[in-house]
Amino acid sequence: MAAGTHDYAQAAPPEGHYSAPAEDLNALDPKVWARTVRRDEDGVLTVGGLPVTRLAEEFGTPAFFLDETDFRARCRAWRDAFGAEADVFYAGKAFLSRAVVRWLHEEGLNLDVCSGGELATALDAGMPAARIAFHGNNKTTAEIRRAVEAGIGRIVLDSFEEIVRVAHVAGELGVRQPVQIRVTVGVEAHTHEFIATAHEDQKFGLALAGGQAAEAVRRALKLDGLELVGIHSHIGSQIFDMAGFEVSARRVVQLLAEVRDEHGVELPEIDLGGGLGIAYTSDDDPREPHEIAKALGEIVTRECESAGLATPRISVEPGRAIVGPTAFTLYEVGTVKPLEGLRTYVSVDGGMSDNIRTALYDAEYTVTLASRTSDAEPMLVRVVGKHCESGDIVVRDAFLPADLAPGDLLAVPATGAYCRSMASNYNHALRPPVVAVDEGAARVVVRRETEEDLLRLDVG
Ligand code: LLP
């Protein structure tokens with residue numbers, strides 16, 4: 001928003017994305033909070049019935065609290081929306097831990113991994129290898145070998161080198177590895193440049209335009225070690241508009257028709273990737289899984305009918321849309337610094353080491369005073385971390401009660417995806433724990449890092 005175009009021009013700093021303060025700063029918009037989050041009669045935020053004041057005492061701050069009830073419900077909603085005719089692969093990069101793998105397994109989802117580390121976590125926690133898909137634009141031969149040996153369900157090929165590499169490993173192990181080819185469909189997704197992946201000038205996939213994708217199909221079909229089962233496309237992340245998926249599905253189906261015409265083979269699967277947006281603030285309006293399933297199903301069926309193809313089995317890979325809304329980060333306020341005529345800087349005990357998304361993508365978050373309610377006037381704040389960097393911002397623009405004080409707890413919702421998984425040790429910060437909460441019980445699923453952990457890696 002340009003300076004001077006909002007209602008708070010007088011009190012406002014030159015730049016800001018904020019809108020008017022919510023009428024009631026204590027209110028919780030269910031769109032951005034995990035399903036079981038409420039306030040109790042004392043005004044304290046609760047999750048799964050547990051007050052954050054107690055959780056902070058037991059587990060410390062900063063910490064991620066993940067609503068397991070909500071996570072499982074979202075898994076089921078995706079599973080039910082797509083039904084037995086399609087597959088839902090949870091994208092583990094959003095957040096993965098052994099507990100999450102078990103929940104996915106129990107709720108009937110599959111899993112997409114993109115590194116040896118994610119694969120190891122999945123296998124260790126008992127996800128059947130056949131239900132795992134392996135992504136990545138530069139998988140090492142060792143990672144490929146591990147996956148093929150385990151009997152992984154599919155490998156998504158991302159380059160000409162990889163076609164040869166996977167075929168070679170499969171040949172050595174005497175198996176025929178199911179693979180998909182990731183194609184770049186040339187769609188401009190309306191999202192931040194760093195999380196858009198289907199335009200041509202980027203590192204992922206093989207372009208449809210110019211014939212790279214068709215050439216990849218030709219090469220893959222010739223190799224005995226590969227069983228080419230389908231085409232994969234992922235257009236980006238935090239997308240609300242289904243138009244991009246429509247174009248992508250149409251182009252993928254076109255390729256299937258070309259493959260049939262050239263090789264006489266009808267590939268049985270297409271994967272349309274993940275990328276469905278969630279509400280980070282009240283301004284975002286995400287779609288429900290059943291609407292998404294319906295829209296995608298109709299697009300693919302229509303395109304296949306017009307190309308004279310049998311409808312392939314569809315799969316999708318939501319990460320953020322499942323885990324994103326299920327967690328919030330709890331911080332303790334350390335300092336409250338009013339800057340005359342600008343805003344108040346509120347420093348918390350975490351920062352860019354537990355949420356890099358604000359600095360990296362200009363992501364917007366909201367924040368609420370969690371340890372109590374307040375009737376004080378709204379004040380314009382920027383919630384910042386404790387790192388040695390002025391870009392260390394958690395919530396760029398928000399309103400909090402003017403009586404905010406050190407020791408208060410703040411909660412930032414919708415931090416379940418890409419916050420803990422992108423956490424760092426910058427400034428030797430200790431990465432926060434993830435605590436799962438379910439029906440009145442809280443348990444650590446990823447423990448807090450300790451100074452011993454840091455020093456153990458530093459071998460002197
Ligand atoms: N499938 C593939 C092949 C992907 O590359 C991704 C995400 C997904 C599925 C899941 O996308 P989701 O449904 O979670 O949007 N760090 C960024 C997001 C990077 C996404 C990378 N790939 C962020 O914090 O926004």
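**Reading the ligand site and Val44**

Author: A backbone N or O atom of Arg320 lies 2.8 Å from an oxygen atom of the ligand, and the protein covers 91% of the 590 Å² of accessible area that the ligand has on its own. Please keep in mind throughout that this is a predicted model.

Reader: Which residues are closest to the ligand, and how many surround it?

Author: The ligand is surrounded by 19 residues, and the closest are Ser237, Glu317, Arg357, Tyr361 and Tyr418. In the side chain of Ser237, an N or O atom is 2.3 Å from an oxygen atom of the ligand, while Glu317 has a polar side-chain atom 2.7 Å from a nitrogen atom of the ligand.

Reader: How do the residues of that shell divide by character?

Author: Six are nonpolar, seven are polar and six are charged.

Reader: Where does the ligand lie with respect to domain 1 and domain 2?

Author: Here one asks which domains give residues to the shell: domain 1 (8-67 + 325-455) and domain 2 (135-318) both do, so the ligand lies between them.

Reader: Turning to Val44, is this residue buried or exposed?

Author: The value to read is the relative accessible area, and a residue counts as buried when that value is under 20%. Val44 has 8%, and is therefore buried.

Reader: Where is Val44 placed, and which residues does Val44 touch?

Author: Val44 sits in the loop between strand S1 (38-39) and strand S2 (45-47). Leaving aside residues up to four places away in sequence, Val44 touches Arg38, Arg39, Pro51, Val52, Thr53, Ala370 and Ser371. Arg54 is ten residues from Val44 along the chain, and their C-alpha atoms are separated by 9.9 Å.

Key. Residues numbered from 1 in each chain as written. Predicted model: local features only at pLDDT ≥ 70, side-chain atom pairs only at ≥ 80, totals over all residues. Heavy atoms only, no water. Helix = DSSP H or I, 4+ residues; strand = E, 2+ residues; numbered from the N terminus. Buried < 20%, exposed > 50% of the residue type's maximum accessible area, 1.4 Å probe, protein only. Contact = heavy atoms within 4.5 Å. Near = heavy atom within 4 Å. Polar contact = N/O pair within 3.5 Å; in protein donor to acceptor, adjacent residues only side chain to side chain. Areas by Shrake-Rupley, 256 points an atom, 1.4 Å probe, with all protein chains shown as cover. Nonpolar A, V, L, I, M, F, W, Y, C, P; charged D, E, K, R; others polar. Domains from an automatic or database assignment.
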